[in-house]
Amino acid sequence: MKLLTHNMLTSHVKGVTKGYPLIIKATEVKVNELEFNAQFVSRMIPKLEWNALIQAAEWLGRSQDLPSTLIPNYENDEEFLHKVHRILLEVEVIEGCLQCPESGREFPISKGVPNMLLIEDE
Amino acid sequence: MCKCLLVLYLQFYNEQEAKKYSQNSRMIEIQTQMSERAVELLSLPEDQPCYLLDVGCGSGLSGDYLSEAGHYWVGVDISTAMLDRNKTVWFLSEVLWFLCQLELITAQAMKAGFTGGMVVDFSNSSKAKKFFLCLFAGVSGVLPKGLGSESTDRGVSNQAQFTAQRSRFRNMKGKSVKKSKDWIMEKKERRRRQGKDVRADTKYTARHRKPRF
C-alpha cells in the first residue's frame with residue numbers, strides 16, 4: 001500500500017465520524033523505485049491531505065525530509081518534488097494494519113493489499 | 001474535477017477461475033480492448049498522467065493497460081483470489097454488491113446527482129455489444145458517441161436493445177439454446193459468413209431426428 005493510497009482511505013465503520021486518517025501500524029515496509037514524473041507529483045500535491053501525509057510518514061519513521069506545511073512555489077523545487085515522489089509512491093507498506101482512529105478497528109494489510117471489508121454488523 | 005466511468009463487466013471468480021481468466025489470451029484481449037475504450041470515454045487531457053480508480057479491477061488486466069498508458073491507478077475488488085496478482089488494491093464490499101444491476105446503478109447515480117448516460121458500442125450486434133455507463137460529477141459532460149452505430153442512446157435509457165435476429169428460447173446469456181432450430185440456423189449462417197461450405201437450407205433443416213440417428 002502506497003501512502004498516496006493511504007491518503008485517500010478512510011474508515012467506514014458504522015457510526016464513526018472521524019475515521020481519517022487511518023493509523024498505520026507497519027511490520028514490513030519496502031521501497032520500490034518508480035520512475036519520477038514531476039508533472040504528476042506537482043499536480044497531485046494540491047489534492048492531498050498534506051497533514052495526513054506527514055503523519056503517515058511519521059508513523060513509518062520517514063518524515064525527516066518533509067516540511068510540516070507546504071512551501072509556496074513547490075512546483076519548481078525539484079528536490080522537494082523528488083522527496084514527495086519518494087514518500088508518496090515509492091515507500092510501500094507490505095505487511096501491517098490500518099487502525100480506525102475512532103473505533104480502533106484494525107484493517108489488515110497483507111502482501112501490500114489492505115483489506116477494508118467489514119463484516120455484516122459493523 | 002472528478003470524472004467517473006463505470007464499465008459493466010462484472011463477474012466473480014474463485015481461485016481456479018481467476019488463474020484461467022488471466023491466462024486466457026482471448027480474455028486478455030477483451031479486457032485490454034474494454035480498458036482502452038473506457039479510457040477513451042474518459043476523454044482525459046492528452047499526455048497527462050492521471051490518477052484513476054479501477055472499481056472491480058480483478059487481477060489487474062485492465063490495470064496493466066492503465067499503466068501502459070502512463071497513468072497511476074488504484075484498483076478495488078471484492079475477490080481476494082484475483083487480487084493476489086496485483087499490488088495496489090483494496091476491497092470495498094458495498095460498492096461492488098450494489099453494482100450488479102444496470103437499472104439500479106443508473107437510478108442511484110441520477111439520485112446522487114451525477115449527469116450522464118449510457119453509451120452503447122455496437123448496439124446492433126448481440127455479441128459485440130458493450131455497455132458503458134458514463135457519469136459526470138462536477139463537470140457538464142458531453143456524452144461520447146457509441147462505436148459502430150448511427151443512432152446512439154443519449155441520456156438515460158432503460159429500454160432494451162432489440163437485435164435483428166429473431167430467436168426463440170433465448171437463455172440467460174442471450175444466446176439460443178444449444179441444438180435448437182434457431183441455434184442451428186445461426187450456426188449455418190455463421191459458417192457461411194466464414195466462407196465455409198454449407199448445405200442449403202431445406203424443409204428438413206434442423207428437423208428433430210430420432211435417438212438412433
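Helices and strands here are runs of residues assigned by DSSP, with at least four residues for a helix and at least two for a strand, numbered from the N terminus. On that basis, chain A of this predicted model comes to 4 helices and 4 strands. Walking along chain A from the N terminus, the elements appear in the order α-β-α-α-α-β-β-β. Chain B has 7 helices and 6 strands, and its elements run β-α-α-β-α-β-α-β-α-α-β-β-α from the N terminus on. As for overall scores, the model gets an ipTM of 0.82 and a pTM of 0.64.

Let's start with chain A. Of its 122 residues, 44% count as buried, and the chain exposes about 6200 Å², with carbon and sulfur atoms supplying 47% of that area. Contacts in chain A often link distant parts of the sequence: among those between residues at least 6 apart, 68% join residues at least 24 apart.

The strands of chain A form an open sheet of 4, in the order β1-β2-β3-β4, with antiparallel pairing. At the edges stand β1 and β4 (113–114) of chain A, and each has a single partner strand, so one side of each is left without a neighbour in the sheet. Further in, strand β2 (residues 91–99) of chain A and strand β3 (residues 106–110) of chain A run antiparallel and are joined by 4 bridges. To spot this pairing in the structure, look for Leu98(A), whose bridge partner in β3(A) is Phe107(A). Right beside Leu98(A) in the numbering is Cys97(A), which counts as buried because its relative accessibility is 11%, below the 20% cut-off.

Helices pack around this part of chain A too. Helix α4(A) lies across β1 and β2 of chain A and runs at about 60 degrees to β2(A). Helix α3 (residues 50–59) of chain A has a set of buried residues, namely Trp50(A), Ala52(A), Leu53(A), Ile54(A), Ala56(A) and Ala57(A). What covers these residues? Part of the cover for α3(A) comes from α1 (3–8), β1 (23–31) and α4 (78–90) of chain A. An α-helix has 3.6 residues a turn, so residues three or four places apart point the same way. Pairs such as Leu53(A) and Ala57(A), both on the buried list, are handy ones to try this idea on. After α3(A) comes Gly61(A), which has a positive phi, near 70 degrees.

Now for chain B. Buried residues make up 34% of its 213 residues. The chain exposes about 14100 Å², and 52% of this is supplied by carbon and sulfur atoms. Of the contacts in chain B with a separation of 6 or more, 46% are between residues 24 or more positions apart.

Two strands of chain B show how pairing and burial can be read together. Strand β2 (residues 51–55) of chain B has a covered face made of Leu52(B) and Asp54(B), while Tyr51(B), Leu53(B) and Val55(B) make up the uncovered one. This strand runs parallel to strand β3 (residues 72–76) of chain B, and 5 bridges join the two. Within the pair, Leu52(B) stands opposite Trp73(B) in β3(B). Just ahead of β2(B) in the numbering, Cys50(B) is buried, with a relative accessible area of 9%. Is the cysteine count matched by any cross-links, or how many disulfides does the structure hold over all chains? The total is 0 disulfides.Helix α3 (residues 61–68) of chain B has Leu61(B), Ser62(B), Gly63(B) and Leu66(B) among its residues, and these four are buried. Just after α3(B), Gly70(B) takes a positive phi of about 90 degrees. Another helix of chain B, α2 (residues 25–42), contains Gln31(B). Is Gln31(B) buried or exposed? Gln31(B) counts as buried because its relative accessibility is 9%. Gln31(B) and Leu61(B) are 30 residues apart in sequence, yet 6.5 Å apart in space from C-alpha to C-alpha.

Finally, a word on confidence in chain B. Its mean pLDDT is 67, and 50% of its residues reach 70 or more. Among the elements of chain B, helix α7 (residues 181–193) has the highest mean pLDDT, at 88, and strand β4 (residues 89–90) the lowest, at 42. In two stretches of chain B, pLDDT stays under 50: residues 7–15, with 22 contacts beyond four places in sequence, and residues 84–100, with 62 such contacts. Where pLDDT is low, the predicted coordinates should not be read in detail.

Notes: Residues numbered from 1 in each chain as written. Chains lettered and ligands numbered in written order. Predicted model: local features only at pLDDT ≥ 70, side-chain atom pairs only at ≥ 80, totals over all residues. Heavy atoms only, no water. Disulfide = S-S within 2.5 Å. Buried < 20%, exposed > 50% of the residue type's maximum accessible area, 1.4 Å probe, protein only. Contact = heavy atoms within 4.5 Å. Areas by Shrake-Rupley, 256 points an atom, 1.4 Å probe, with all protein chains shown as cover. Pairing = 2+ DSSP bridges. Axes fitted to C-alpha atoms, helices over the stretch in contact; angles between N-to-C directions. pLDDT = per-residue confidence, 0-100.
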